[in-house]
Amino acid sequence: ALDIAVRYSLARRQFAGKDGSEVTLLDYQRHQRRLLPLIARTYAQIFTHQELLNQFHTVFSGENDTEETRSDLETVSAASKALSTWYALDTIQECREACGGQGFMAQHRLTGLRADLDVYVTFEGDNNVMLQLVAKRLLTDYAKAFKSPDFGTLAQYVAGQVGETAINRGGLRGLAQSITDFGSTARAVGYVKDEEHQHQLLTDRVHTMVASIANKLKAAGSDKDKQAELFNRYQNDLINAARAHAELIMWEAFTSALKTIKDGDSIKILTWLRDLYGFTLLEENLSWYLINGRLSGARAEAITEYIDSRLLPRLRPHAENLVDAFLLPPELVRTTLAQDERERQLNRQTLVRN
Ligand SMILES: Cc1cc2nc3c(=O)[nH]c(=O)nc-3n(C[C@H](O)[C@H](O)[C@H](O)COP(=O)(O)OP(=O)(O)OC[C@H]3O[C@@H](n4cnc5c(N)ncnc54)[C@H](O)[C@@H]3O)c2cc1C
């Protein structure tokens, strides 16, 4: 779908630009905003799937087949299945709209691709149910983190968390950020641009969400009815935590893949693309980061500013190369939408000249 929509956006022209000639759709910032983050997310998905295949091979070839590696494989499969299928539907729909009326024509395949993929969010395990499996594993790991998860130890840990949250809620960390960054978007963005800080922000969100839910579930003690009741009470939070974990796995897979690339220009462009994926995740969850005092208002604003004024313009010239790298042959894409549009424009110019 991205292959079709990006190529069309480079061929289709709408409205006159500065010099009077019509500009391509992908020259419009809104169009870049709609498609480039989807390319970033698709790359993150591809790298995650590769890691999943490697993990699958390690377990099923017997290279490292233990209860723990099987359990890891199950968790990563469930997380990737849910996010990949939701992302795929989302991406196809956006690409369909990005191609305007042409996108709705069956011959250009987008409506058909969406219809084919629709059921993937349900079969092989409904996505919400898959994410519950991931959340249960997160809670188990959390409990294991304490050698003996007796109330005393857990309470102490949670007290630490609550203390930290209280400070964050009070805005102390946020306040310190505002003072340091005062008046400087560059400084504010410098903090989150850093790979380590992106990782820290994404990881911290998962840890804090899981710790907070575990703390609430702990109130049930050994009462089974109460446990079930509380589990259901916090089910939505659990699924959100699992989703945040899946997003983190994908960001990590993208970041690990960057370390394997040798060509300097490719590293530079794919690092921008990874940053776009990371920044988009932070932007989507800004309310959480602000409510929990993890980002100051200035840093939150700087994230959107950096996407719009740096990452999108930097990536725009590489959009075609980025979809070329999907290596989809014409017999798989099976539409000549972009080429037809170019020919239509050439014919139109010929008509005007005559
Ligand atoms: C085209 C197609 C092909 C299929 N092929 C196969 C096959 O070859 N082999 C096979 O075994 N199965 C197959 N299935 C079945 C498929 O795996 C199930 O449809 C799927 O697991 C969802 O189960 P369900 O239909 O019972 O939905 P339900 O479990 O009834 O779910 C309905 C809705 O309720 C929600 N829900 C369910 N339980 C919970 C819960 N505990 N908490 C919160 N929300 C919940 C779900 O998120 C979902 O949105 C196929 C299904 C389809 C549509």
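How much space lies in the largest pocket? In this predicted model, about 660 Å³ of space lies in the largest pocket, and the sections below describe its lining before turning to the helices, loops and individual residues around the chain.

## The largest pocket

The lining of the largest pocket is made up of 22 residues, and those that lie nearest its centre are Ala1, Leu2, Thr42, Leu117 and Leu328. Sorted by class, the lining comprises 14 nonpolar, six polar and two charged residues. Five helices, namely α1 (2–11), α2 (29–60), α3 (67–98), α4 (110–118) and α16 (330–333), each contribute at least two residues to this lining, and the largest share, six residues, is supplied by α3. As background to such a description, rolling a probe the size of a water molecule over the atoms shows where empty space is left.

## The protein as a whole

The protein has 17 helices and two strands. Its chain holds 354 residues, of which 44% count as buried, while the accessible surface of the protein comes to about 18700 Å², with 55% of that area belonging to carbon and sulfur atoms. If one takes the contacts between residues at least 6 apart in sequence, 74% of them join residues that are at least 24 apart.

## Helices α1 and α2

Helix α1, which contributes to the pocket lining, is mostly covered, since nine of its ten residues are buried. The buried residues in α1 are Leu2, Asp3, Ile4, Ala5, Val6, Tyr8, Ser9, Leu10 and Ala11; of these, Leu2 is also among the lining residues nearest the centre of the largest pocket.

Helix α2 has 32 residues and reaches 46 Å from its first C-alpha to its last, which is close to the 46 Å expected at 1.5 Å a residue. Glycine 62 follows α2 and has a positive phi, near 85°. Within helix α2 lies glutamine 55, a residue that is partly exposed because its relative accessible area is 25%, between the limits of 20% and 50%. Not counting residues up to four places away in sequence, glutamine 55 touches Asp72, Leu73 and Val76. The C-alpha atoms of glutamine 55 and serine 77 are separated by 9.7 Å, although the two residues are 22 residues apart along the chain.

## The loops around histidine 108 and arginine 334

The loop between α3 and α4 holds histidine 108 and also arginine 109. Is histidine 108 buried or exposed? Histidine 108 is buried, because its relative accessible area of 3% falls under the 20% limit. Leaving aside neighbours within four places in sequence, histidine 108 is in contact with Ile4, Gln102, Thr335, Leu337 and Asp340, and one of these partners, Ile4, is itself a buried residue of α1.

Most residues other than glycine have a negative phi, and most peptide bonds are trans. Against that background, arginine 109 has a positive phi of about 80° although it is not a glycine, and arginine 334, placed in the loop between α16 and α17 (337–353), likewise has a positive phi, of about 50°, without being a glycine.

## Helix α14

Leucine 311 and arginine 299 offer two views of α14 (residues 297–315), as leucine 311 has its place in this helix and arginine 299 lies there too. Leucine 311 counts as buried because its relative accessibility is 0%, and arginine 299 is buried because its relative accessible area of 7% is under 20%. When neighbours within four places in sequence are left aside, leucine 311 is in contact with Trp272, Asp275, Leu276, Phe279 and Tyr306. For one of these partners, phenylalanine 279, the C-alpha separation from leucine 311 is 9.6 Å, with their positions 32 residues apart along the chain. Arginine 299 is paired in space with glycine 190, the two being 109 residues apart in sequence and 9.2 Å apart from C-alpha to C-alpha.

The separations given above are set side by side here.

| Residue pair | Apart along the chain | C-alpha to C-alpha distance |
|---|---|---|
| Glutamine 55 and serine 77 | 22 residues | 9.7 Å |
| Leucine 311 and phenylalanine 279 | 32 residues | 9.6 Å |
| Arginine 299 and glycine 190 | 109 residues | 9.2 Å |

Note on methods:
Residues numbered from 1 in each chain as written. Predicted model: local features only at pLDDT ≥ 70, side-chain atom pairs only at ≥ 80, totals over all residues. Heavy atoms only, no water. 1 Å grid on protein atoms, 1.4 Å probe; cavity = no way out; pocket = protein on both sides within 12 Å on 5 of 7 lines; lining within 4 Å. Points joined across faces, edges and corners; volume = space filled by probe spheres on them. Helix = DSSP H or I, 4+ residues; strand = E, 2+ residues; numbered from the N terminus. Nonpolar A, V, L, I, M, F, W, Y, C, P; charged D, E, K, R; others polar. Buried < 20%, exposed > 50% of the residue type's maximum accessible area, 1.4 Å probe, protein only. Contact = heavy atoms within 4.5 Å. Expected span 1.5 Å × (residues − 1). Areas by Shrake-Rupley, 256 points an atom, 1.4 Å probe, with all protein chains shown as cover.
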